[in-house]
Every structure is written in C-alpha cells, then in structure tokens.
Amino acid sequence: MNKKKLVQYLKLLLARSGQAIRGGTWDSGNLIYLLQERSLENPALKIWLEKRNNWLSGDIQNELLETMAHFVLRKIKNSVLKSPFMAIMVDGTTDISALSDTIKTVDFANDTLNLIRFVSNTILDSSKRKNIFSGIVLSTNLDEENDYKTENIPGIIPFCPTRWTVRVKAVNRFIENYERVILTVQDILKDSNSISKDGRAALRGYETKLWKFETVFALESLSLILGPSKHSSELLIKTLTSSRNDDVFNDTWNKTKQLAVHLNLTMPKNPRVCKPPAKLEYSTTCTPPANIDKKVALRKEFFALIDCLLNELNERFTQSGLDKVVSMETILMRSINRDKIEISEIKKLLGIHVTDFNVDQLAVQLIMLPNILNSDNPSATIKDIVEIFKMLPETSRQLMNQVERLIILLYTIPAASATPERSFSGLRRLKTYTRSTMSQKRLTHLLLLHLNQTILYEISLDDILKEFISRIAERKSVFGKM
C-alpha cells in the first residue's frame, strides 16, 4: 500500500497539477507532507516513514518521474505510428533562471503603450477614480479654427496586452478622451486617499508625459498604424507600405499639432546640438555639429515604427510553408465548387507530399466529393468537410480514403504556434523563482507529465511500479513481486 501511495501522489497530485514535490530540505515538501498526513490514519505508513531508508530520496523521486514520463512517451509514439502524418513544432523561450530576454521594439511607441495601459487601468480599476472620470464635464467653447470635438464621446476602455484589435479601440478611445484623462489624473493626484503611494509616484510621472507633444504624436501614429490590423495580412502590409511617405507623416503631424494647441501642451523642442565624437573623425577638419529639427527626429521614429511592423508581418505571413498549405487547401475548395483539376495540377499543388498519395485515385475521388458531401455550398470550409466526413459510414470513408488522407495532412500541418505557447505557459508554472535550481532532466520529465495529463491519467499504477521494482534485485526483496 505504501509504494502505491507514493506513486499515486507523485502522479495525480504533483506531476499532473505541476506543484512542487520537494522542499528546502530532504524531509520537507508537498510529497512528504501528504504522506505524513496520510500516516495519521495508517500506522504502517507512519512506521515506514520513520525508517532510515524509506525510498523517498530525490534520486528515487527522479527515477519514478522518469519512469512515468517514459510511459507517456511510449503512448505518444504509438499514437504517432498509427497516423499517416506527423508534425514537429520547435520554438524557444527562456525560463525563470535566465538572465534576461531581448525584445526589439520602437521606444517611443512602446512607452506610449505603457502609458495607455497604466493610466487606463488606474482609472478603471477603482469605482472612486472611475466616478471622477465620469463626473468631468469638458468645455465646449472652442476656437473657431479648431475642429476638435469633445461632445458625446464614449469613455476609455481597458488596454489589452495581447490582441491588436482591442488595442486599437483602446488607443482611439484614449485619444478621444485625452483632455478628460488629463483632468482626471490631476484630480486623482490632488486627493491623497484616491491612490496608493507607489501608484501616485508612477501616475505623477505619466502626468508629465501626458503634457508632451511627443505623446500625442505617438498616439496618433499608433492609431493610424494599428487600425488596419483588423483586415487581412496582405491588405495590412499594403496599407502600411502606402503610409510610409511624407504626406501621411505631415497629416499626422498637423493633426497632433491641432490637438496640442487645443490642450495647451508643451510643444516639442529641438534636440541638443551635439558634435560627432572625436574618435570617429578621419580628417584634421572637424565635422560641424548636426542640428536636427524635432519634426525630423519624429519623422525618423514614425518611419522606424512602420518598418518594424512591416518586417514582423513579412516574417510571419510571407512564408513558403504557408503557401504550400494554401495550395493543398485549394485542391479541396476547387473540388467542392465542381472545378475539375487535372492530375498534373494536383501533383503540382501537392508539392513534396505527392509521394504520400495515389494521385490517380485522388483525382477520381475529388470528382465524387461534391456528391458525397451532398452540398452545393460554394463557401464551405475544411471544417464543414470534416464534420460531414465524421457522419459518413465506414464504407463511404474507405471509398474516399485519399481525400480523407489529404484532410488529415491539412489538419496535421500546424497553422499557428499555440501548442508550443501552451508549453511555455506550463514551463512558467513549473519553474518559478522558488524552483529555479531544478535540474534540466527533472524539469523535462515534469513538464512532459504536466502537459500530457490525460495520457498520464490512463497509465496504470501497477505498470509503473512493476517497471520500477524490476530494475534492482534489492527492490524485489523489499517490495515483493508485482
């Protein structure tokens, strides 16, 4: 019973849930505490725990974790061997013991996004601060030359750290309520009970930034550039490319200047004149100091932001692998629309996967596919085809075995990096600051068990114990045969 309890706690309570097993010393930790708690009801377990050799050392724990991880790997291997295709996704991340991460970004845009997130969340996280924002009534006596309107404008919304489309809405709302946000921040800072001491210090720093021309310019730039992200990637790339010119920059500059005049913001000043370092001079005549206008400096930042986004979009969406998936999907889409595809064209669309299919049979089955699906819907998707295939009898599926094989291939090829991202989330749950000294081997086994909880649940405790005991003769004499 004792040996089963040990493996059961390792398997069900700790490995699956990702909780820490060992503590700061050899006789502490969740595993030891669980066994001690159970020993209160089981005298035999209490006697066992008091033994000098109670088989609870770190090496034994590692071996049991390794044994369970190998069982999981065998099950994964068997399922892979049964499938006609497999996909391997490789990605990288740093764990908690790494020194630092390197993030490429555009400084002025990143600082502005942090400002929106902090100020918006500060206002919306408290009912008192939210009421201050709602109670501010703006003046409608604007200059005749100013077109800026402040009437009937919705309030600000929380800033989403991941989704672009939600970010765009938050940025636009922040711009529309800019004057109200400034007045709200001022009122919050006047009331000593409205925010904590640390939050007050940070908010005071952001208030200074709110009065700067550069902040509004960055907001207008982000609103312009992030807005098209709701459309397809190709349209977004074209839109951003067309926005990379002086006319768009001047329009953004003028719009920012108009808003800055209305809000009485501090206008930008030219950077300090600096001469080049002497170590870079290659002649006896010194180069005169460069006098850069502030508008020119912001133009550089504006174009750098667009270039950064274009590079990232091209890297993610302009890929040969994505084109191959689209080509294979085209085969099914054209077949649904009763567009006959020649064998030579099918071979071309299949590309490197042409040897995985009987192309002659596939061509015939594609002609039959619309009749099998019994649908004339030209907008049908791969998902619709899969749902219909699930309801087909086995004989019909065997008749369309090559089409079914093509669908399996399309579903096998990863279209996103969500799977490795989930692994990264599991890594962050397992390797925390208090568990940063965990060995790589133990971390690998724990992560494998934690990410494949369903498979781990199906593994028999008797099988794990049988393999563990059979390795050494001493264990057979202590635990007996299984």
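**View 1. Nine aromatic pairs turn up in this predicted model.** Here, rings of Phe, Tyr and Trp (for Trp, the six-membered ring) pair if their centres lie within 6.5 Å; planes under 30 degrees apart count as stacked, over 60 as edge-to-face and the rest as tilted. Let's look at one of them: Phe217 and Trp253 meet edge-to-face, 6.2 Å centre to centre, with 65° between the planes. Which helices does this pair link? Phe217 sits in helix α10 (residues 213–226) and Trp253 in helix α12 (residues 246–263), 36 residues apart. Both Phe217 and Trp253 are buried, a word used for under 20% relative accessible area, with exposed meaning over 50% and partly exposed in between (1.4 Å probe, protein chains only). Ring pairs also join Phe217 and Trp253 with Phe213, Phe249, Phe302 and Phe303 in a cluster.

*About the model.* Residues are numbered from 1 along each chain as its sequence is written, and side-chain values use heavy atoms, leaving out hydrogens and water. Because the model is predicted, local features need pLDDT of at least 70 and side-chain atom pairs count only at pLDDT 80 or more, while totals for chains, interfaces and linings use all residues.

**View 2. Two arginines sit over phenylalanine rings.** The rule asks for NZ of Lys or CZ of Arg within 6 Å of the ring centre and within 35 degrees of the ring normal. The charged end of Arg244 is 4.8 Å from the centre of the Phe303 ring. Arg180 lies over the face of Phe133, at 5.4 Å from the ring centre.

**View 3. Helix α8 covers residues 178–190.** Helices (H or I, at least four residues) and strands (E, at least two) are DSSP runs, numbered from the N terminus. The expected span is 1.5 Å times one less than the number of residues, which is why the 13 residues of α8 should span 18 Å; the end C-alpha atoms are 19 Å apart, which agrees. Which residues of α8 are buried? They are Tyr178, Glu179, Arg180, Val181, Ile182, Thr184, Val185, Ile188 and Leu189.

**View 4. Glu467 and Arg74 share a polar contact of 3.5 Å between their side chains.** Such a contact is a pair of N or O atoms within 3.5 Å; within protein, one must be able to donate a hydrogen and the other to accept it, and residues adjacent in sequence count only if both atoms are side-chain atoms. Glu467 belongs to helix α23 (residues 461–470). Leaving aside neighbours within four places in sequence, Glu467 is in contact (heavy atoms within 4.5 Å) with Thr67, Phe71 and Arg74.
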